Amino acid sequence: MQTKKIGFIGLGNMATAMIGGMLQKGVVAPENLIGSARTAATCRRVAEQYGITTYPSNVEVAAQADILFLAVKPQFFREVIGEIRDTVPSGSLIVSIAAGKTLEEIAGLFGGERKILRCMPNTPALVLEGCTGVCASETVSGEETEEVLTLLRSFGVAESVPERLMDAVVGVSGSSPAYVFLFLEALADGAVAAGMPRRQAYTFAAQAVLGSAKLMLETEKHPGELKDMVCSPGGTTIQAVKVLEEKGLRAAVMDAMEACIEKSRNM
């Protein structure tokens, strides 16, 4: 179990998903987790729900944390780092979960060389099925990177990637749950149009997507091969696939990814 102090500045949905995963998997004890938020109400709610210590001041968290997660939106980075940069101990690991903020940019805001990691988790962390890409500055040792990866793996998959691929991580996993939810909603709408009750349609659609993803991960088969297994000659599925191809499903998804990645690069 991690015995270092783990701090969170920002206690929104992503931060609390991460905290919940760490506690549920037992990688950190509640007494070793601290956090701060913009409102006293959020601090009280998180403290009561997770049994951790919260503070009204970002500075108090920054001063104590051995591993400090910056779980604030990119537009608040300059303000928050300006507030805490003289308080964070020089040996602390600083972990950003903000899209588009490079290691160099974050170090610049802190005014010098620091031990900084970037990570991009996603909302399925809320159900311990997150996917997180991580990159680290040269000042972070391999052992320190593994410490952070262990924390992140408490709520899903976490892998190291070179920083040049972090914007791709945003597109393929950070933002992609939204694309999947759109697809799920469309699947359910199609079932409702055919007469199925909506609640049941959502269950069928969600389970089909969940099962399909698990099948690919566990068999390690190429998705094209798995698609072919469902498409019987002259059957129903190949007719649906034909329509999806005619409507440009693949190109639409790739174009959406390109827009998302470009936005991340320019934030």
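Two strands pair if DSSP finds at least two bridges between them. By that rule, E2 and strand E3 (residues 53-55) pair in the parallel sense, over three bridges. The structure is a predicted model, and the protein in it has 12 helices and eight strands. The points below start with the whole chain, then take two groups of strands, and end with two residues in loops.

**The protein as a whole**

- The C-alpha trace spans about 65 × 40 × 30 Å along its principal axes.
- The protein has 267 residues, and buried residues make up 40% of them.
- Among contacts with a separation of 6 or more, 63% are between residues 24 or more positions apart.
- The accessible surface is about 14800 Å², and carbon and sulfur atoms account for 57% of this surface.
- There are 25 positive and 30 negative side chains, and the centres of these two sets lie 5 Å apart.

**Strands E1, E2 and E3**

- In a regular strand the side chains alternate between the two faces of the sheet.
- Strand E2 covers residues 33-36, and both of its faces are covered.
- On one side of E2 are Leu33 and Gly35, on the other Ile34 and Ser36, and all of these residues are buried.
- Strand E1 (residues 6-9) runs parallel to E2, and four bridges join the two.
- One of the residue pairs here is Ile9 with Ser36, its bridge partner in E2.
- Between E1 and E2 the chain passes through helix H1 (residues 13-24), and this β-α-β crossover is right-handed.
- From E2 the chain goes on through helix H2 (residues 40-50) to E3, again by a right-handed β-α-β crossover.
- Ile34 of E2 has Thr53 as its bridge partner in E3.

**Strands E4, E5 and E6**

- Strand E5 is made of residues 93-96, and both of its faces are covered.
- Leu93 and Val95 lie on one side of E5 and Ile94 and Ser96 on the other, and all of them are buried.
- Strand E4 (residues 67-70) pairs with E5 in the parallel sense over four bridges.
- Within this pairing, Leu70 stands opposite Ser96 of E5.
- The route from E4 to E5 leads through helix H4 (residues 77-84), and the β-α-β crossover is right-handed.
- E5 also pairs with strand E6 (residues 115-120), in the parallel sense and over four bridges.
- Val95 of E5 has Leu117 as its bridge partner in E6.
- E5, helix H5 (residues 103-110) and E6 together form a β-α-β unit, which is right-handed.

**Two residues with a positive phi**

- Most residues other than glycine have a negative phi.
- Leu128 is not a glycine, yet its phi is positive, at about 60°.
- Leu128 sits in the loop between E6 and strand E7 (130-136).
- Is Leu128 buried or exposed? Its relative accessible area is 19%, and the cut-off for buried is under 20%, so Leu128 counts as buried.
- Glu220 is another residue other than glycine with a positive phi, near 60°.
- The loop that holds Glu220 lies between helix H9 (198-219) and helix H10 (223-230).
- Is Glu220 buried or exposed? Its relative accessible area is 71%, and exposed means over 50%, so Glu220 counts as exposed.

How values were computed
Residues are numbered from 1 along each chain as its sequence is written. This is a predicted model: local features need pLDDT of at least 70, side-chain atom pairs count only at pLDDT 80 or more; totals for chains, interfaces and linings use all residues. Side-chain values use heavy atoms; hydrogens and water are left out. Buried means under 20% relative accessible area, exposed over 50%, partly exposed in between (1.4 Å probe, protein chains only). Contact means heavy atoms within 4.5 Å. Accessible areas come from the Shrake-Rupley method with a 1.4 Å probe; for residues, only the protein chains shown count as cover. Lys and Arg count as positive and Asp and Glu as negative; His and the chain ends are not counted. The place of a charge is taken as NZ of Lys, CZ of Arg, CG of Asp or CD of Glu. A crossover is right-handed if, with the strands pointing away from the viewer, the path from the first strand over the helix to the second runs clockwise.
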